[in-house]
Amino acid sequence: MVMVFYGSNGKSNPVSMENKVEHQTENQITYDIHLPSDLGMLYKVRLGLQSLENNISQLSLRHFKIQNTSTLDTFSLTINKTLPLSPNGDRWIEFPIQWPLKEALSVVTYHLTVFSRNILNERNLVHMTACIYGTHGDTGDRSILQSLQNVQQEDKNESFLVIVDAVDLGELEKIVLSISSKTDCKLEVKILHVQEAAKEHPIYVFEVNEEFSVSANKPEIQREIPGSFVIRGEKQMNDIDNNLNKEGSQVNNLTEYTIKVYTGDKRGAGTDANVHIILFGNEDKSEVFQLSRSLEHQNPFERGKVDTFMIKTKKLGSLRSIEIGHDGKGF
């Protein structure tokens, strides 16, 4: 059993449950753990079974309690779940920590839809995980080939749904794919869609369009896939759905733009708010893009800094103007 703790200043390394406290009571195990002091205020915990080799292993969880031995601040939660959550399913659960006088985040069910060419035929030969990152942390590596739902196949295209439960990630930023195999195989991944199960929009689109070749010389491949754009309306969704099955469609022929933002050097010039941009051309206008993944800095829009962002959108023609702004959050 392994736990990962998330705080306002970062997350811990995986913590193995090894240091048991003596004088255990029946059906209860207490551990002493030491967390880095620079994590800040804890806001979520991910708990699960680290090894994926033994499919027989199960862990029944009834109750969880954590206490700071210095301040005696205590958080407790009734869980009543057994890992894996389904046969060959997710071996991790996440829950928010709610301290007194502080609002906790909620648990969200995310739908990850994978559009590919041949993954379904190769699924028994490979191990594939996805780690979804947002402004409130990440999901950790979650298996995406163990328990598939809503599988669809049409000509050379295929898609399937993976369900991931996680504490609210905020605005989604990137997905890290990890692919490994004990035999030679090739996987062609086209696009990833992520959305909250309870909402039709927004849908976060991550364009991959890559064939991954795993072999004895390269038994594991890892790719970081930044967010391409966000679908915020039904019309935009229909346009992309209609193009998924067309070679040479708009999805495969998006225009890429490089955006450089020069933040002023005066006092208070930077911002912690969520900055967005819209491009206007003589033929069309782009979607709303959140400028969150700077190529230079982890925290963009700091005083006197230059941040570069890459976006892809449909053909706009000659650019005429832009809209840029922020949501007023933070400093």
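I take buried to mean under 20% relative accessible area, and because Arg 142 comes out at 2% relative accessibility, I enter it as buried.

The model is predicted, so I looked up confidence before going further: I noted a mean pLDDT of 84 for the protein, with 89% of its residues at 70 or more. Over residues 247-251 the pLDDT stays under 50, and where pLDDT is low, the predicted coordinates should not be read in detail.

Next I searched the whole structure for salt bridges and found 13. In one of them the side chain of Arg 142 meets that of Glu 94, at 3.3 Å from N to O; Arg 142 is in strand β11 and Glu 94 in strand β7, 48 residues apart, and the pair links distant parts of the chain. Glu 94 is also buried, at 7% relative accessibility. I then followed the network of salt bridges that holds this pair, and noted Lys 11, Lys 44, Arg 46, Glu 94, Asp 138 and Arg 142 as linked in it.

I stopped at Thr 139, which I found in the loop between β10 and β11 and which is buried, with a relative accessible area of 0%. Its side chain reaches the backbone nitrogen of Ile 132 at 3.0 Å, and beyond four places in sequence its contacts include Arg 46 and Glu 94.

Last, I looked up the salt bridge between the side chains of Asp 265 and Arg 303, at 3.5 Å from N to O, which links loops 38 residues apart. Here I entered Asp 265 as exposed, with a relative accessible area of 56%, and Arg 303 as partly exposed, with 45%.

Methods
Residues numbered from 1 in each chain as written. Predicted model: local features only at pLDDT ≥ 70, side-chain atom pairs only at ≥ 80, totals over all residues. Heavy atoms only, no water. pLDDT = per-residue confidence, 0-100. Contact = heavy atoms within 4.5 Å. Helix = DSSP H or I, 4+ residues; strand = E, 2+ residues; numbered from the N terminus. Buried < 20%, exposed > 50% of the residue type's maximum accessible area, 1.4 Å probe, protein only. Polar contact = N/O pair within 3.5 Å; in protein donor to acceptor, adjacent residues only side chain to side chain. Salt bridge = Lys/Arg side-chain N within 4 Å of Asp/Glu carboxyl O.
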